[in-house]
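Q: I would like to take a close look at a single part of this protein. Please explain it in connected prose, suitable for a student in the first year.

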Amino acid sequence: MFIYTYACHEDETELCELELSLLLRKPCTGGAIESDVEITADRSPFIRRKIHARLCADSMEELVAQLPGVELEQGQTFKVLFTSATGEPPIAFEERRQHERTAGAAIRGKADMRKPDRLFGLIRWNGRWLFGPCEENSAAWLEHQKKPQNYSTALPVRAARAIVNIAAPGRAGAVKLIDPCCGIGTVLIEAMSMGIDIEGVDLNPLAVRGARLNLAHFGYADKVKLGDMRELTGHYDAAIIDMPYNLCSVLPEEEQLDMLRNLRRFAARAVIVTTEPAERQAEMANWRVQAVARLRKGSFTRYITVVE
């Protein structure tokens with residue numbers, strides 16, 4: 001059993017809950033979720049901590065009695081982190097630190113508060129005490145914000161990473177994705193950083209050049225080509241399409257419909273990103289709408305529509 005804690009800005013709530021419910025296959029509310037699905041803490045931009053609950057007890061005393069059995073390799077150091085869970089009675093800061101010290105004292109090994117070799121998590125969950133290996137999100141994807149090429153209308157990195165996970169919520173190496181309007185490659189970079197097979201296409205030569213520069217900057221392969229999505233062949237498990245727009249206008253509806261109909265030729269599933277609701281257009285293009293999430297930034301809203 002795994003416990004994942006997560007956090008997001010209120011403007012990202014719908015996107016966060018949709019992404020995590022698909023990744024972990026459980027309804028997602030309240031800041032923490034229990035799942036038998038294992039993913040790395042870095043997979044989602046919203047996960048903060050992951051605890052692999054290997055020990056379980058009805059009381060802290062019973063749990064502490066099990067901790068001498070925790071095995072460390074020769075010379076390994078460790079640290080215990082207490083994690084508060086939503087829905088449990090609040091525990092004061094000093095009491096949380098005391099639980100960490102009590103658990104640490106019961107483990108046979110040397111504690112290191114700064115650079116431990118092993119990290120363990122302690123949490124009170126549904127009235128019981130859980131303990132096991134812990135992993136924190138390193139947020140390495142934040143480096144992807146430092147692209148050499150940028151568009152003012154490009155997806156934010158956090159949103160792009162979540163959208164990739166919505167398109168491909170299963171094992172990273174098991175799917176093949178396409179971004180047929182890839183722009184400067186924000187979605188491509190997030191997918192590749194998670195080991196997901198993806199290709200990019202764009203009509204704009206400047207965008208393709210920018211995507212290639214960005215991919216090279218982060219050490220990823222050039223899987224971008226100049227082209228029209230209406231001429232794509234082959235088959236992909238899912239497509240991610242951020243409908244082109246600028247600050248003054250969006251695509252005419254007929255052009256959007258044409259793009260959505262073309263998606264059906266080469267993708268079994270799609271995540272559509274638009275600046276206006278897209279359910280009606282998706283259904284007119286013979287897609288079945290599975291879910292919709294809104295991503296807000298001030299008065300501006302993006303609609304993330306999942307279709308099959």
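Which residue lies over the face of Trp287, and at what distance from the ring centre? Please then continue with the aromatic rings and with helix α6.

A: The model is a predicted one. In it, Arg264 is placed over the face of Trp287, at 4.9 Å from the ring centre.

Aromatic rings also meet one another: the structure holds 5 aromatic pairs. A pair of aromatic rings is described by the distance of the centres and the angle of the planes. For Tyr236 and Phe266 the centres are 6.3 Å apart and the planes stand at 85°, so this pair is edge-to-face. Tyr236 belongs to the loop between β11 and β12 (238–242), while Phe266 belongs to helix α7 (residues 253–266), so the pair ties together parts that are 30 residues apart in sequence. Both partners can be assigned by their accessibility, for which buried means under 20% relative accessible area. Tyr236 has a relative accessible area of 5% and is therefore buried. Phe266, at 0% relative accessibility, counts as buried too. Elsewhere, ring pairs link Phe78, Phe120 and Phe131 into a cluster.

Helix α6 may now be considered. Helix α6 comprises 13 residues (residues 205–217). At 1.5 Å a residue, α6 should span 18 Å, and its end C-alpha atoms are indeed 18 Å apart, so the two values agree. The buried residues of α6 are Ala207, Val208, Gly210, Ala211, Asn214 and Leu215. These residues cover an arc of only 160° around the axis, which puts them on the same side of α6. The general geometry of a helix is helpful here: an α-helix has 3.6 residues a turn, so residues three or four places apart point the same way. The face of α6 turned away from the buried side carries the exposed residues Leu206, Arg209 and Ala216. As for the buried residues of α6, what covers them includes α5 (186–193), β10 (197–202) and β11 (224–226).

The surroundings of the helix ends complete the description. At the N-terminal end of α6, Asn204 acts as a cap, with a side-chain oxygen 2.8 Å from the backbone nitrogen of Leu206. Just after α6, Gly219 adopts a positive phi of about 80°.

Methods. Residues are numbered from 1 along each chain as its sequence is written. This is a predicted model: local features need pLDDT of at least 70, side-chain atom pairs count only at pLDDT 80 or more; totals for chains, interfaces and linings use all residues. Side-chain values use heavy atoms; hydrogens and water are left out. Helices (H or I, at least four residues) and strands (E, at least two) are DSSP runs, numbered from the N terminus. The expected span of a helix is 1.5 Å times one less than its number of residues. Buried means under 20% relative accessible area, exposed over 50%, partly exposed in between (1.4 Å probe, protein chains only). The arc is that of the directions from the helix axis to the C-beta atoms. Contact means heavy atoms within 4.5 Å. A polar contact is a pair of N or O atoms within 3.5 Å; within protein, one must be able to donate a hydrogen and the other to accept it, and residues adjacent in sequence count only if both atoms are side-chain atoms. Rings of Phe, Tyr and Trp (its six-membered ring) pair if their centres lie within 6.5 Å; planes under 30 degrees apart count as stacked, over 60 as edge-to-face and the rest as tilted. A charge sits over a ring if NZ of Lys or CZ of Arg is within 6 Å of the ring centre and within 35 degrees of the ring normal.
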